[in-house]
Amino acid sequence: MFQQQMGSEVTIISDGNNLGLPLKSAGDVTAFNTQLEDANEFAKTCGFLQTIGGKDVQDTTISCIISNNLALNYNCAGQNNKTPFSNLKNVLKLLTGKVKL
């Protein structure tokens, strides 16, 4: 696994496969949430995220999943005309599973 820096974004590459992280559009987030319904994809992604370190596990993990610019369009409850992050059940399950493991 390694990280490839391009400008201010870091693309995560694992075992030669580009995981497409961080996500850069709302469509990418929706597709990623759907992709995580597959148990194998969920386990693979959770295992990968467990390898990422940092001072704050959740913030570090979120920044690896969603680009900073895209994250500005989300919040937990969907207030202030933002997309509710709480609607992304599989992504939230992934974050919870990653933090617990």
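## Reading a predicted fold

Author: From the N terminus on, the elements of the protein chain run β-β-β-α-α-α-α-β-β-α, and taken together they come to five helices and five strands. Please keep in mind from the start that this is a predicted model.

Reader: How should I judge confidence here, and in which elements is confidence lowest and highest?

Author: A predictor attaches a confidence value, called pLDDT, to each residue, on a scale from 0 to 100. In this protein chain the mean pLDDT is 77, and 69% of the residues reach 70 or more. Among the elements, strand β1 (residues 2-6) has the lowest confidence, with a mean of 45, whereas α1 has the highest, at 93. There are two stretches to read with care: pLDDT stays under 50 over residues 1-10, for which the model has 22 contacts beyond four places in sequence, and pLDDT also stays under 50 over residues 12-17, with 14 such contacts in the model.

Reader: What share of the chain is buried, and which residues of helix α1 are buried?

Author: Of the 101 residues in the protein chain, 34% are buried. In helix α1, which spans residues 26-35, the buried residues are V29, F32 and N33. These residues lie on the same side of α1, because the arc they cover around the axis is only 100°.

Reader: Why do residues three or four places apart in an α-helix point the same way?

Author: The reason is that an α-helix has 3.6 residues a turn, so positions with that spacing point the same way. Helix α2 (39-49) can be read with the same idea in mind. Its buried residues are F42, T45, C46, F48 and L49, and they sit on the same side of α2 because their arc around the axis is only 160°. On the face of α2 turned away from this buried side we find the exposed residues A39 and N40.

Reader: Which residues touch the most other members of the largest nonpolar core?

Author: That core has 20 residues, and those that touch the most other members are L23, V29, F32, I65, F85, V91 and L94. Four helices, namely α1, α2, α3 (57-65) and α5 (89-100), each supply at least two residues of the core, and the largest share, four residues, comes from α2. If you follow F32 and leave aside its neighbours within four places in sequence, you will find this residue in contact with L21, L23, T45, I65, V91 and L94.

Reader: N33 is in helix α1 too, so is N33 buried or exposed, and why?

Author: A residue counts as buried when its relative accessible area is under 20%. N33 has a relative accessible area of 12% and is therefore buried. Beyond its neighbours within four places in sequence, N33 is in contact with N87, L88, K89, N90 and V91.

Reader: How many disulfides are there, and is C76 buried or exposed?

Author: A disulfide requires a pair of cysteine sulfur atoms within 2.5 Å, and by this rule the count comes to zero. C76 is exposed, because its relative accessible area is 59%, whereas C46 is buried, with a value of 6%.

Reader: What does the chain look like as a whole, in its contacts and its surface?

Author: Among contacts with a separation of 6 or more, 53% are between residues 24 or more positions apart. The accessible surface of the protein chain comes to about 6,300 Å², and 49% of this area belongs to carbon and sulfur atoms.

Methods: Residues numbered from 1 in each chain as written. Predicted model: local features only at pLDDT ≥ 70, side-chain atom pairs only at ≥ 80, totals over all residues. Heavy atoms only, no water. Buried < 20%, exposed > 50% of the residue type's maximum accessible area, 1.4 Å probe, protein only. Arc of directions from axis to C-beta. Core = buried A, V, L, I, M, F, W, Y, C linked by side-chain atoms within 4.5 Å. Contact = heavy atoms within 4.5 Å. Areas by Shrake-Rupley, 256 points an atom, 1.4 Å probe, with all protein chains shown as cover.
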